[in-house]
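Let's take a walk through this protein, one spot at a time. Keep the 3D view open and click along as you read.

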Amino acid sequence: MKRRMSREIRLGQSLIGGGRMPVIQTMITTPLADTGTALAEANRALDMGCRIVRTAVRSEADLPALGQLTKDFKGDLIADIHFDHRLALAAIAAGVAGVRFNPGNIGGKERVKLIVEAARTRPDLALRIGVNAGSLEKDILEKHGGPTADALVESTRRWVEYLEHDLKYHNFKLSVKSHSVPETVAACQTLAAFTDAPFHVGITEAGGGFGGRIKSAAGIAILFYEGLADTFRVSLTGPVEDEIVTGMHILKACGLLDAGGEIVSCPTCGRTHGTLFRYYDKLEKFFDESRWWLRPRLTVALMGCEVNGPGEAKEADLGVALGNGSALYFEKGQLVQKFTDQDAAFNHLLSRIRSVWGM
Ligand code: SF4
């Protein structure tokens, strides 16, 4: 896996970049007007291990609630601003950890300069220049014939040069996002040659459900392996919980989560003893409810027959291989117990997981 040595920046209590592992973030969906619910949603993300949380600030009417959330939320809050630079200035004054804005729709260089000058007064605050395919400048869209990777790069470079060279401001990260995995990856690869600013990555408007998770995983995993991700968000049409769990799965699958549980389960075939499906569903539910990504490292195997089952179960920390009306239970490669009751074997597995995880 490659590692891009981006420059280190501070976002509230979080340090980002400098070769660190990618940091997960999410965005709450509750409007700020419903302040109590917004705080509860942000706190659910924090409890799940996601401390960087973004919220949309839509108008001046949101500012009192933003101030309240900034005080009450113990993670790092980012204000998401479009169109009105005065909202960014007010958010900075309110004490947020970060401001994300799109320079292309904020009203020109002078207004961007005002935001940067305000951000300079807060060394613990980071800006994010967020360039999206859906809101590129008109002249760039005309030149490139649409929101291509080159168009994304040109827009982003414009603003990076302005901040880094003209304004001499460096405590910012960049995001260039499109709903296309190839365009997003190509844009990030090209930009990496021009700046050492940290990258926030993700596949925007990826959708929801199975498709949204797969698309996000495909794009984010490539960006991880290219070393181009300093922070990331799985942008799903769904609740923050889905974004965070999916993000943890991507980190784990890419070998970037040095903790947590992992299920090894056979792909099933004509030899599979039917009970495996039922046990797998229960095990996955148990893992998610236990917040497997916050637990000590543990590999659990659940195998469907006598052919590959014992071999895989032996490789895991804990494992069960089903037989015909029976089951073998393994720990650290050793056969520990033979069960004639498969439910008993599965329940024993769950109780051993609870014990190892201190539940
Ligand atoms: S472990 Fe057994 S049941 Fe599972 S896929 Fe392999 S052969 Fe089939």
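## Starting point: Ala91

In which helix is Ala91 found? Ala91 sits in α3, the helix that covers residues 85-94. One thing to keep in mind as you click around is that this is a predicted model.

Is Ala91 buried or exposed? Ala91 is buried, because its relative accessibility is 0% and the cut-off for buried is under 20%. Leaving out residues up to four places away in sequence, Ala91 touches Leu66, Ala79, Val96 and Val99. For a sense of distance, try Ala301: it lies 210 residues from Ala91 along the chain, and the two C-alpha atoms are 48 Å apart.

## The whole protein

Now zoom out. The protein has 359 residues, and 52% of them count as buried. You can pick out 12 helices and 15 strands. Taken along the principal axes, the C-alpha atoms fill a box of roughly 75 × 40 × 30 Å.

Sequence-distant partners show up a lot here. If you take the contacts between residues at least 6 apart in sequence, 63% of them join residues at least 24 apart.

## Two domains

The domain assignment splits the protein into domain 1, residues 9-253, and domain 2, residues 261-356. Their centres, taken over C-alpha atoms, are 40 Å apart.

How many residues of domain 1 are in contact with domain 2? There are 7 on the domain 1 side, and they meet 8 residues of domain 2.

## Gln25, a buried polar side chain

Next, go to strand β3, residues 23-27, where you'll find Gln25. Gln25 has a relative accessible area of 1%, so the residue counts as buried. The Gln25 side chain has a polar partner: a polar contact of 3.0 Å links it to the side chain of Lys173.

Apart from residues up to four places away in sequence, Gln25 touches a long list of others, including Cys50, Ile52, Arg54, Ile78 and Arg128. Further along the chain, His200, Thr231, Phe232 and Arg233 are also among the residues that Gln25 touches. Gly247 is worth a click too: Gln25 and Gly247 are 222 residues apart in sequence, yet their C-alpha atoms are 8.8 Å apart in space.

## Two loop residues: Asn105 and Glu137

Asn105 belongs to the loop between β6 (98-101) and α4 (109-120). With a relative accessible area of 16%, Asn105 is buried. Its side chain makes a 3.0 Å polar contact with the side chain of His82, and the Asn105 side chain also reaches the backbone nitrogen of Phe83 at 3.3 Å. If you set aside neighbours within four places in sequence, His82 and Phe83 are the residues in contact with Asn105.

Glu137 is in another loop, between β7 (126-132) and α5 (138-144). Why does Glu137 count as buried? The relative accessible area of Glu137 is 11%, and anything under 20% counts as buried. The side chains of Glu137 and Ser155 are joined by a polar contact of 2.7 Å. Beyond neighbours within four places in sequence, the contacts of Glu137 are Gly104, Ser155, Arg158 and Trp159.

## The largest pocket

Where is there open space? The largest pocket holds about 360 Å³. Two elements give two or more residues to its lining, α8 (209-225) and α9 (240-253). The largest share, 6 residues, comes from α9.

Residues to highlight in the lining of the largest pocket include Phe210, Arg213, Ile214, Asp242, Val245 and His249. By type, the lining of this pocket divides into 8 nonpolar, 2 polar and 2 charged residues.

## The second largest pocket

The second largest pocket has a volume of about 280 Å³. Which domains supply at least three residues each to its lining? Both domain 1 (9-253) and domain 2 (261-356) do. At the level of elements, α9, β11 (261-265) and α10 (275-289) each give at least two residues to the lining of the second largest pocket.

To see this pocket on screen, select residues such as His249, Lys252, Glu262, Tyr280, Phe287 and Trp292, which are among those that line it. The residues of the second largest pocket's lining divide into 5 nonpolar, 3 polar and 4 charged.

Definitions and conventions: Residues are numbered from 1 along each chain as its sequence is written. This is a predicted model: local features need pLDDT of at least 70, side-chain atom pairs count only at pLDDT 80 or more; totals for chains, interfaces and linings use all residues. Side-chain values use heavy atoms; hydrogens and water are left out. On a 1 Å grid over the protein atoms alone, a cavity is a set of points where a 1.4 Å probe fits but cannot get out, and a pocket is an open set with protein on both sides within 12 Å along at least five of seven lines; lining residues have an atom within 4 Å of a point. Grid points are joined across faces, edges and corners, and a volume is the space filled by probe spheres set on the points. Helices (H or I, at least four residues) and strands (E, at least two) are DSSP runs, numbered from the N terminus. Ala, Val, Leu, Ile, Met, Phe, Trp, Tyr, Cys and Pro count as nonpolar, Asp, Glu, Lys and Arg as charged, and the others, Gly among them, as polar. Domain bounds come from an automatic or database domain assignment. Buried means under 20% relative accessible area, exposed over 50%, partly exposed in between (1.4 Å probe, protein chains only). Contact means heavy atoms within 4.5 Å. A polar contact is a pair of N or O atoms within 3.5 Å; within protein, one must be able to donate a hydrogen and the other to accept it, and residues adjacent in sequence count only if both atoms are side-chain atoms.
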